[in-house]
Amino acid sequence: MVQTRGLPFQRKVYEQRCANVRASMARSELDALVVVDPANMFYLSGYDGWSFYLPQALVLVSSDDQPFWVGRPQDKNGASYTTWLDEDHIREYSETLVHARDGHPASVIGGLIAELGSETGRIGLEMDAHYFTARGFSVLHSTLPKATLVDSCELVNWCRVLKSADEIEYMRRAAKVASAAMEVAVQAIAIGQRECDAAGAIANAQYRGVGEIMGEYPAIVPLIPSGERTRAAHLTWSSRRYEVGDAINVELSGCVRRYHAPLARTLCLGQAPIELRNLGEAVRESLNAAIAAICPGATAEDVEAAWRKTLARFGYVKTGRLGYSVGIGYPPDWGEHTISLRAGDTTILKPGMAFHVIGGMWLEDQGLEMSETVVVTEAGSEVLTDFERDLIIKEHIVSGRRKLVDLEATGSEERQQHQLHPDSENQKGEGLPVFQDILRARERLERHAIVSPLFGSSELSSVLGAEILLKMESLSDVGSFKWRGALNKMLSTDREQLQRGVVTYSTGNHGIAVATWARRLGIPAQVCVPGNTDERKLQRLRNLEAVIDTEAADQDQAATRCYELAHQRGLMVIPPFDDPDVIAGQGTIGLELLSEAPDLEVIVVPVSGGGLISGVGLASRTISPGVRIVGVCAENAAAMYESIRTGRPVAVTESATLADSLCGGLGPSNRYTFDLVRRLDVEMLKVSDSDIEAGMGLLLETNGFVVEGAAAVGVAAIAAGHLDVSGKKVALVISGRNVDVALLKRR
């Protein structure tokens with residue numbers, strides 16, 4: 001005999017519950033009762049298995065103190081494990097009746113009733129239970145032709161309404177799980193993250209539980225609609241990514257030994273609009289009034305009336321019910337299907353009743369939810385769930401009180417008028433790119449290219465003493481990250497303007513990226529380069545059919561020449577870094593990093609003019625405000641490092657470096673990247689050429705990756721001891737692979 005174990009309550013508790021049900025059966029003049037609701041089966045027998053998708057039942061008769069369990073053969077051992085029933089009260093039907101067209105398990109249930117002597121009696125059926133089918137009723141009717149089959153009208157459900165102290169304790173534990181899961185939801189729901197990722201984090205918290213309290217699967221999955229979908233109730237999740245300004249309705253529950261404690265809140269990403277704040281205040285105050293009205297002797301409709309009266313003061317009306325009795329639950333519902341907090345329900349509240357009091361408002365243009373699990377006590381009521389009862393505002397703050405996320409900030413399309421010349425009327429710091437620009441950039445870019453891989457390197461992790469992830473931008477077909485900003489700038493530009501052609505200035509990677517995508521889009525491209533640019537890069541630009549201008553002596557002169565050509569010929573400038581659309585394009589790397597590895601602790605980025613660190617930093621700081629962002633310059637080209645140290649953009653004297661693509665400085669009139677880097681609280685480091693060479697070698701030796709010097713500065717900083725990330729989860733942006741082969745041959 002398989003031994004019973006792990007019952008939530010002692011046997012005498014189940015015996016008393018069955019006695020109460022039999023007494024209720026007698027009052028209803030029932031000779032037998034067929035119980036098919038899994039929650040009711042659990043309540044009376046302890047049976048707990050995911051078998052309710054097939055017919056199963058408890059059968060109670062007045063002549064036997066124990067109910068009979070009837071189910072599928074392979075679930076029989078589960079009944080022995082989880083119930084208090086004797087073995088002769090555990091019955092099975094033939095496996096041939098599973099999903100059979102010429103037979104049904106209800107015939108076995110009917111045969112058991114006949115065996116127990118009630119074939120001519122009044123048989124109560126749970127007519128409105130989720131898992132009682134029309135076919136099951138038809139088979140029972142034909143199997144028991146002399147019996148009278150009647151609706152038992154939630155007979156067992158009503159016996160469950162008054163909870164014992166032990167049951168309420170299980171609900172308290174479930175409430176702890178629910179409150180912890182809501183905290184996880186607030187952390188997981190972040191700008192740029194997907195709804196499905198948040199759902200996964202919530203489910204993990206629900207199952208994991210709190211401390212020694214084990215969680216279980218709740219009767220309902222997390223309900224987390226966002227954006228305009230908050231107008232609808234009971235929606236689950238999608239692959240949609242959260243955006244600045246989104247409101248998200250979160251409804252979830254903790255579950256402990258099948259007892260539930262639901263909890264709902266609405267979360268807003270960024271500053272909530274005034275209409276939503278007003279609705280939140282109205283729901284909070286009305287919910288407070290309803291909870292205050294819960295006490296012994298009050299009626300269910302009294303509680304709803306207190307809610308409705310307060311809500312009316314704020315100018316709102318809700319016609320649906322305010323809540324319902326709650327306790328044991330199995331999919332698809334945690335409600336008990338008895339008491340409803342609504343007008344017309346005159347049920348008198350008694351100690352031990354438990355309710356999910358849900359202030360849910362679904363209006364034409366928005367929705368909001370705020371709920372608690374509340375138990376009626378001798379003195380009034382007890383709120384079991386524990387979470388801030390308010391509209392939850394999740395703002396992303398950086399640099400003290402300065403907000404970078406601002407929906408009112410100028411959109412990228414509106415900034416294009418300022419791009420013709422670096423000395424335009426746009427003042428430094430105005431029109432900074434915002435997170436919404438990065439989200440738009442991702443939408444544009446994902447139609448044209450695939451996401452670069454995030455590569456976990458166990459060998460490099462061992463050497464550097466941290467969990468190292470490599471964001472392999474070097475594997476893009478242009479050989480660097482630069483395609484992102486260049487392409488986003490092109491796709492953000494008016495098509496007619498774009499067809500006239502584009503022009504840029506570059507010493508290598510950016511020019512290659514612009515020429516590559518201009519060719520693919522059928523757009524003429526011109527690249528201004530310093531006269532001393534090496535022949536290898538020039539040949540690559542020629543192969544891409546770009547017009548090359550070599551009139552400039554250095555990078556700054558190349559920039560001036562670029563804007564002169566743009567003005568003379570009506571060309572569109574694609575700046576290499578100091579441009580909102582370019583920054584937003586590079587920022588998509590940050591979105592990808594934190595989508596694949598949301599628990600990143602440190603992100604390390606190569607830095608020259610700052611377009612890459614600005615974009616990655618803005619995305620990362622918005623999604624995960626606590627992440628550590630580190631920028632690394634080459635010692636021989638440390639303009640951003642010196643500018644941040646000085647507190648203003650400064651020019652530095654540069655010299656030859658292995659990280660040649662980090663040369664060029666911040667530009668003669670930097671308007672965006674310096675301000676962004678300063679506001680984003682980026683840590684700045686610099687590394688020597690010997691450090692860089694060692695970093696390149698380490699990437700080659702551990703993973704076989706051939707990278708340019710700029711791509712190795714993050715590895716260099718850690719390996720040389722300039723950056724301590726011991727034991728942390730770290731992402732390094734491997735920015736490019738366009739390295740001179742002659743350099744590799746020297747190693």
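The paragraphs below lead through the interior of this structure, one of its helices, its charged and aromatic pairs, and a few places where the backbone stands out. The model is a predicted one, and the values that follow are computed from it.

A good place to begin is the nonpolar interior, where the largest core comprises 65 residues, among which I189, V250 and F435 touch the most other members. Separate from this core there is a second one, made of 47 residues, and V21, F42, L223 and Y330 are included in it.

Helix α5, which runs through residues 134-143, shows how one element is set against its surroundings, for its residues G136, V139 and L140 are buried. These residues lie on the same side of α5, because the arc they cover around the axis is only 100 degrees. On the face turned away from that buried side, α5 carries A134 and S142, which are exposed. The buried residues of α5 are covered by elements that include the helix α4 (106-115) and the strands β5 (122-125) and β6 (148-151).

From the nonpolar parts we can turn to charge. Side chains of opposite charge can pair when their charged atoms come close. Across the whole structure, 37 salt bridges are found. One of them joins the side chains of E167 and R17, with 3.4 Å from N to O, and this pair links distant parts of the chain, since E167 belongs to helix α7 (residues 165-188) and R17 to helix α1 (residues 11-27), 150 residues apart. E167 is buried, at a relative accessible area of 4%, and R17 also counts as buried, at 5% relative accessibility.

Another salt bridge is formed by the side chains of E115 and R91, at 3.1 Å from N to O. Because E115 lies in helix α4 and R91 in strand β4 (residues 90-92), this pair ties together parts that are 24 residues apart in sequence. Here E115 is exposed, with a relative accessible area of 51%, whereas R91 is partly exposed, with a value of 26%.

A further salt bridge, at 3.0 Å from N to O, brings together the side chains of R561 and D549. R561 is in helix α18 (residues 555-569) and D549 in strand β21 (residues 547-552), so that the pair links distant parts of the chain, twelve residues apart. R561 counts as partly exposed at 22% relative accessibility, while D549 is buried, with a relative accessible area of 9%. Elsewhere, salt bridges that share partners join E169, R172, R173 and E382 into one network.

The aromatic residues offer another way of following the chain. A pair of aromatic rings is described by the distance of the centres and the angle of the planes. The whole structure holds 14 aromatic pairs, and one of these is the stacked pair of Y14 and W84, with 6.4 Å from centre to centre and 15 degrees between the planes. Since Y14 lies in helix α1 and W84 in the loop between α3 (76-82) and β4, the pair ties together parts that are 70 residues apart in sequence. Both Y14 and W84 are buried.

The pair of Y47 and W69 is tilted, with 5.4 Å from centre to centre and 55 degrees between the planes. Y47 is placed in the loop between α2 (38-45) and β2 (57-61) and W69 in strand β3 (residues 68-71), so this pair ties together parts that are 22 residues apart in sequence. Y47 and W69 are both buried. Ring pairs also link F42, W50, F52, Y131, Y217 and Y330 into a cluster. Within this cluster, Y217 has the charged end of R258 over its ring, 4.2 Å from the ring centre. In a comparable arrangement, R520 lies over the face of W517, at 4.7 Å from the ring centre.

The backbone, finally, deserves a look of its own. The peptide bond from P331 to P332 is cis, with omega near 15 degrees, and P332 is located in the loop between β9 (323-330) and β10 (333-341). In the loop between β6 and α6 (155-160) lies C153, whose phi is near 55 degrees, a positive value in a residue other than glycine. E154 is found in the loop between β6 and α6 as well, and has a positive phi of about 55 degrees although it is not a glycine. C153 is partly exposed, with a relative accessible area of 46%, and E154 is partly exposed too, with a value of 25%.

Definitions and conventions:
Residues numbered from 1 in each chain as written. Predicted model: local features only at pLDDT ≥ 70, side-chain atom pairs only at ≥ 80, totals over all residues. Heavy atoms only, no water. Core = buried A, V, L, I, M, F, W, Y, C linked by side-chain atoms within 4.5 Å. Buried < 20%, exposed > 50% of the residue type's maximum accessible area, 1.4 Å probe, protein only. Helix = DSSP H or I, 4+ residues; strand = E, 2+ residues; numbered from the N terminus. Arc of directions from axis to C-beta. Contact = heavy atoms within 4.5 Å. Salt bridge = Lys/Arg side-chain N within 4 Å of Asp/Glu carboxyl O. Phe/Tyr/Trp six-rings, centres within 6.5 Å; stacked < 30°, edge-to-face > 60°. Lys NZ or Arg CZ within 6 Å of the ring centre and 35° of its normal.
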